[in-house]
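Biologist: Could you walk me through this model, and show me how each label is earned?

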Amino acid sequence: MNTPSLLTLGIDIGSTTAKAVLLDGDTILFQTYERHFSQVRSKTLEILEEMAVHLQGRAATVAISGSAGLGMAEAAGLPFVQEVYATGEVIRRLAPDTGTVIELGGEDAKVIFFKGGVDERMNGSCAGGTGAFIDQMAVLLDMTVEQMDEASLHHTRIYPIASRCGVFAKTDIQPLLNQGASKADVAASIYQAVVNQTITGLAQGRKIEPKVMFLGGPLYFCKGLRDRFRETLKLDDETAVFPEYGRFAVAMGAALYGRQASKAYTYDELKAALIAAGSGATQTRDRLA
C-alpha cells in the first residue's frame with residue numbers, strides 16, 4: 001500500500017495581506033491572497049480551514065514568512081524563513097536568470113540584487129511608495145484603486161509628485177486637481193512617484209540589472225504601475241517579468257524552504273498550534289496588564 005507523499009505549505013503574512021501556497025511536489029493544490037485587516041491569527045486559521053480538504057489524511061511540512069509572520073511562527077512553534085531567503089528559493093527554482101527583484105507590498109518595498117552576490121534594500125518605517133500609499137492616493141482622487149489604475153492607462157503627461165510620504169504627496173496633488181489636471185494624468189504621476197521612490201530611494205545608485213522580476217500585490221494588480229516601471233527602466237517583454245505567481249512568491253518560497261523541516265504536521269496539529277499561539281498571546285497580555 002502506497003504512503004501519500006508529504007505536502008509542503010508556505011504561509012506569507014505581510015503587513016496587510018496573508019498568502020498561502022500548498023504544494024504536492026511541484027503541483028499547486030491551493031493558493032490564496034487575502035487581506036487580514038490586522039486579524040492575523042484568525043485569518044490564518046480561516047485560510048487553513050479553506051485548504052482542509054487537501055490536508056485530510058495527509059501531512060505537510062510548514063514554514064511561515066512575512067513581516068507579520070515571525071511572532072505567530074514563534075508562538076505556534078512553527079519554522080520561520082526570512083522573506084529575502086524565501087524569494088531566493090523561488091528565483092533559484094523558477095527563474096535563475098533573474099538579475100533583480102522589485103517587490104512592493106502593503107507597507108514595505110524592497111529591491112533584491114542577485115548578480116554579484118545577494119543584496120537587499122528595503123524601505124524603513126515609512127510606507128511611502130507601497131500599496132498603502134497607492135490606497136491613500138486613490139482615496140484622495142475619490143476613486144477606487146481599480147478606477148485609478150484604469151485612468152492611469154489614458155494619461156497624456158506626468159507631473160512631479162513626492163512619494164516619500166502621503167502628506168507630501170497630497171501637497172503636490174491637491175494644487176494639480178485645483179488647477180484642472182486630469183485624474184488620468186495625476187494617477188499616472190502617482191505611479192511614477194512610486195517608481196522614482198523605488199529606484200532612487202532603494203536602489204541608491206546601484207544598477208537594476210535585467211531580467212527584472214516584479215513581485216507583490218500592487219505590481220500584480222496595477223497595470224499602470226507596471227507600465228511606469230517598464231518605461232522608466234527601459235525594459236521590454238523579455239527583460240521585465242511579471243509572473244502569474246507574483247502575489248504568492250514569498251509563500252511559495254516558504255513552502256520550498258519548509259521541505260527541509262524535520263517535522264510534518266497534520267491538519268489537526270496545525271490548527272492546534274495556531275490556536276495555542278493565540279492563547280499564549282492572550283496569557284502574555286494578561287500578565288502585562
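Modeller: Happy to! This is a predicted model. Let's begin with K19, whose bridge partner in β3 is Y33.

Biologist: How do you know that strand β2 pairs with strand β3?

Modeller: Two strands pair if there are at least two bridges between them. Here 8 bridges join β2 (residues 17-24) to β3 (residues 27-35), so by that cut-off they count as paired. The two strands run antiparallel. They form a hairpin with 2 residues between them, and G25 in the turn has a positive phi of about 70 degrees.

Biologist: Y33 is a useful landmark, then. What lies closest to the centre of the largest pocket?

Modeller: The largest pocket holds about 590 Å³ of space. Of its 33 lining residues, Y33, R35, G217, P218 and F221 are the closest to the centre. Helix α5 (131-140) gives the most to the lining, with 4 residues.

Biologist: What makes 13 of the lining residues count as charged?

Modeller: Asp, Glu, Lys and Arg count as charged, and the lining has 13 residues of that class, along with 10 nonpolar and 10 polar ones.

Biologist: Now to T98, in the loop between α4 (83-94) and β5. Why is T98 called buried?

Modeller: Buried means under 20% relative accessible area. T98 has 6% relative accessibility, so T98 counts as buried.

Biologist: And how do you know that the side chain of T98 reaches the backbone oxygen of A95?

Modeller: The distance is 2.9 Å, and a polar contact needs N or O atoms within 3.5 Å. Leaving aside neighbours within four places in sequence, T98 is also in contact with I91, F114, K211 and M213.

Definitions and conventions: Residues are numbered from 1 along each chain as its sequence is written. This is a predicted model: local features need pLDDT of at least 70, side-chain atom pairs count only at pLDDT 80 or more; totals for chains, interfaces and linings use all residues. Side-chain values use heavy atoms; hydrogens and water are left out. On a 1 Å grid over the protein atoms alone, a cavity is a set of points where a 1.4 Å probe fits but cannot get out, and a pocket is an open set with protein on both sides within 12 Å along at least five of seven lines; lining residues have an atom within 4 Å of a point. Grid points are joined across faces, edges and corners, and a volume is the space filled by probe spheres set on the points. Buried means under 20% relative accessible area, exposed over 50%, partly exposed in between (1.4 Å probe, protein chains only). A polar contact is a pair of N or O atoms within 3.5 Å; within protein, one must be able to donate a hydrogen and the other to accept it, and residues adjacent in sequence count only if both atoms are side-chain atoms. Contact means heavy atoms within 4.5 Å.
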